[in-house]
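Student: Could you walk me through the metal site here, taking it slowly?

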Amino acid sequence: MPALDFAFTPWTDVEARLTRPTVAVLPLGAVEQHGAHLPLTVDADLALGVARAIADPLDALLLPAMPYGDAWNNAAYPGTLSLSPATLRAAITDIGKGLQEMGVSSLILLNGHFGNHEPMLLAARDLAGGGLPCLHLDYPGLAELAEKHCDSTPAAPHFYHADEVETSMMLALRPDAVRMADAAPSYPTFPATFGAEPMQLRSFNPSGVFGDPRPATANKGRAFIEGIAANAAPIIAAFLHRHGIAVIEP
Ligand SMILES: [Zn+2]
């Protein structure tokens with residue numbers, strides 16, 4: 001059974017689904033610059049695509065992606081719009097509480113944007129403390145997948161932004177929104193204090209691209225999405241087992 005995608009689902013289907021143990025998957029995105037060749041919604045688009053690949057084998061509730069996130073360090077590029085960490089934490093916690101009240105047995109948070117990481121952890125802690133088992137995932141094993149599938153090198157270790165990885169995933173999910181003619185490489189010199197002080201990325205990167213998006217293809221994008229979902233599967237299985245949650249196939 002594929003996931004119950006809220007974008008196509010009336011409430012009556014949710015009520016019927018909740019008669020057996022049900023997992024929900026919440027993708028977390030951002031409204032943030034992704035260079036001159038990608039739209040501002042990339043992180044939500046990609047998180048939703050990966051969340052679908054994760055939710056389908058679980059017959060889970062696939063929630064709409066949280067469109068906004070904490071994108072503070074991209075604020076100097078027009079179009080970027082941020083939630084504060086406290087607002088994001090509260091929003092995730094509120095959604096989780098609503099799921100718990102409707103009878104969902106556990107929640108998987110699937111994060112597609114680096115800046116959401118800490119608010120996501122804190123929201124998961126809030127929810128777990130309130131009795132809702134909550135798993136928080138960034139893209140598991142992405143560095144190894146990038147190493148395996150990319151023809152370009154990342155701009156920095158574990159840093160994938162508007163590059164071959166994200167552009168490939170967008171070509172797989174929303175090719176109509178990608179302007180490959182405008183894709184251009186950018187390997188900025190990172191300031192020595194990067195990661196050690198708050199810093200606007202535009203202060204050392206005029207284009208907003210980190211890496212080289214030009215070798216991106218939809219096939220690589222599909223390999224990333226399937227690879228991330230495959231890496232997530234054993235973590236999710238262990239999480240459900242640990243909490244005694246049996247996902248029963250209909
Ligand atoms: Zn991104």
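Student: And what about Asp 43: is this residue buried or exposed?

Tutor: Bear in mind that we have a predicted model, where local features need pLDDT of at least 70 and side-chain atom pairs count only at pLDDT 80 or more, while totals for chains, interfaces and linings use all residues. Numbering starts from 1 along each chain as its sequence is written, and side-chain values use heavy atoms, with hydrogens and water left out. Now, Asp 43 is buried, at a relative accessible area of 2% (buried is under 20%, exposed over 50%, partly exposed in between, with a 1.4 Å probe and protein chains only). Asp 43 (OD) helps hold the zinc ion, alongside His 34 (NE2), Glu 166 (OE) and again Glu 166 (OE), at 1.9 to 2.7 Å. Donors here are N, O and S atoms within 2.8 Å of the metal, or 3.2 Å for Na, K and Ca; water isn't among the atoms, so sites may look incomplete. His 34 is tucked away too: this residue is buried, with a relative accessible area of 1%. Along the chain, the zinc donor residues follow the spacing H-x8-D-x122-E. As for geometry, the angles among the 4 donor atoms of the zinc ion run from 52 to 139 degrees, and the site comes out irregular. Four donors would count as tetrahedral if all angles lay between 85 and 135 degrees. Away from the zinc ion, a word on cysteines: Cys 134 is buried at a relative accessible area of 13%, and Cys 150 is buried at 15%. The structure holds 0 disulfides, a disulfide being a pair of cysteine sulfur atoms within 2.5 Å.

Notes
Tetrahedral: all angles 85-135°; square planar, octahedral: opposite > 155°, others 65-115°.
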